[in-house]
Amino acid sequence: MSLIPTLTESVSRARADLRIGLPVAIGGYLVAAVETLGPERLALMRTLGPAHLAVTRWRAETLKARVYDGDLARIELPGDADLHWLRALADPAGDLMTPMKGPLKSLRGGDAAPDRAAIALIKSAQLLPAALVVPVPEVPEGLTRLQPGPTIEALAAEAGMAPVAAARLPLLSAENSKLHIFRPDDGQSEHYAVEIGAPSRDKPVLARLHSACFTGDVLGSLKCDCGPQLHAALGAMGQRGEGVLLYLNQEGRGIGLANKMRAYALQNQGFDTVEANHRLGFEDDERDFRIGAGILREMGFHSVRLMTNNPRKVAMLQGHGITVAERVPLITPRNRHNTGYLDVKAEKSGHLL
Ligand SMILES: Nc1nc2c(ncn2[C@@H]2O[C@H](COP(=O)(O)OP(=O)(O)OP(=O)(O)O)[C@@H](O)[C@H]2O)c(=O)[nH]1
Ligand SMILES: [Zn+2]
């Protein structure tokens, strides 16, 4: 082991750099997140080479830009493009007011690998998925350097997980409960496991993989079913006297709370939950359920009776080595604010509601 950062550590650094508006070097390119880039650094980067903008295929479709690179598009920067132009392309908030951004010219041929790595890093930093990319003859001193390739994308998504602390925590729904904290080794947010009773590790455990929803879980938002699902799951485990609930910090199906509020603002403009994610440039679900599978394994569980209406969760857990012995539906009441959302989940995301 040397004191020089490993590739995983460099990826974590790069993510932090992008969040504070610093460019990072990927191969012979400088990349920066449009959302956090300031005007001075933009001006400096533009002096170094011909810049372009990388966006995902979803964002490109909304912008009516041609997609030659599969999952992403590289859009040429016009000579007079400033930060305002870049942000308008990255952020759909003003799309309806200024629908025509073009004509936009997409780059064709050449290497899109640095762009792909940049988008993966920016997504994992929970910023708007749009990158300013500039080929440079020489990387300036002091910037984080990475080599492009599938490893960066894999590392941006996957991390090891270590238990850091656990203590008894009596709950309204179950007095005999324990809270465990798990810390990813890539510096991303911690995840939690509530263990109710002392479930056997040899039989399927009643389990729920709950993704964080600040608005639903904490504020009692009526727009989604998260809060009632959380309490119904804890209640069922309390009644049974055992179970395990993972509280995964994958707010907004993995896009983060800021982007989820952007998605809500688009929903106020009339788009549904899936369309809103796409207009922002995200997949409809960016969550990585390897995290949940990893925590269950770390706790010694191999087989679950999974409380969910989402068949993807079942498939992903199975795909990552956890047996789902049974799917236990988790249906909560509808109200006038969440009924459309639940219909879209059933129609577009395959939820069994
Ligand atoms: N991007 C986005 N995320 C949302 C929206 N509404 C709720 N969420 C998030 O969706 C996630 C819901 O997670 P879960 O309830 O665990 O999962 P699920 O896919 O609905 O499946 P179930 O197990 O059946 O509940 C949480 O991370 C919420 O923050 C929305 O309109 N847009
Ligand atoms: Zn919610």
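The following dialogue introduces the predicted model shown above.

Student: Which conventions apply to this model?
Tutor: Residues are numbered from 1 along each chain as its sequence is written, and chains are lettered from A and ligands numbered from 1 in the order in which they are written. In this predicted model, local features need pLDDT of at least 70, side-chain atom pairs count only at pLDDT 80 or more, and totals for chains, interfaces and linings use all residues.

Student: How far apart do the C-alpha centres of domain 1 and domain 2 lie?
Tutor: The chain is divided into domain 1 (7–157) and domain 2 (161–250 + 287–348), with bounds from an automatic or database domain assignment. Their C-alpha centres are separated by 34 Å.

Student: Is helix H1 roughly parallel or roughly perpendicular to helix H5?
Tutor: Helices are DSSP runs of H or I with at least four residues, strands are E runs of at least two, and both are numbered from the N terminus. The axes, lines fitted to C-alpha atoms over the stretch in contact, of H1 (residues 7–19) and H5 (residues 113–124) come within 9 Å and cross at roughly 75°, on a scale from 0 to 180 degrees between N-to-C directions. Angles under 35 degrees count as roughly parallel, over 145 as roughly antiparallel, 65 to 115 as roughly perpendicular and the rest as oblique. The crossing angle therefore makes H1, relative to H5, roughly perpendicular.

Student: Which residues of H5 meet H1?
Tutor: Contact requires C-beta atoms, placed from the backbone, to lie within 7 Å. Ala 14, Arg 15 and Leu 18 of H1 meet three residues of H5: Leu 121, Ile 122 and Ser 124.

Student: How is H10 oriented relative to H11?
Tutor: The axes of H10 (residues 257–268) and H11 (residues 273–280) come within 9 Å. They cross at roughly 120°, which means that the orientation of H10 to H11 is oblique.

Student: How far apart are the farthest two C-alpha atoms of the "binding site" residues?
Tutor: UniProt, in an unreviewed entry, lists residues including Arg 208, Glu 251 and Lys 313 for this feature; its positions use the numbering given here, feature names are shortened, and annotations may be inferred rather than shown by experiment. Arg 208 is found in strand S10 (residues 205–211). The listed residues span 106 residues in sequence and do not all gather at one spot, because their farthest two C-alpha atoms are separated by 22.6 Å.

Technical notes:
Contact = placed C-beta atoms within 7 Å.
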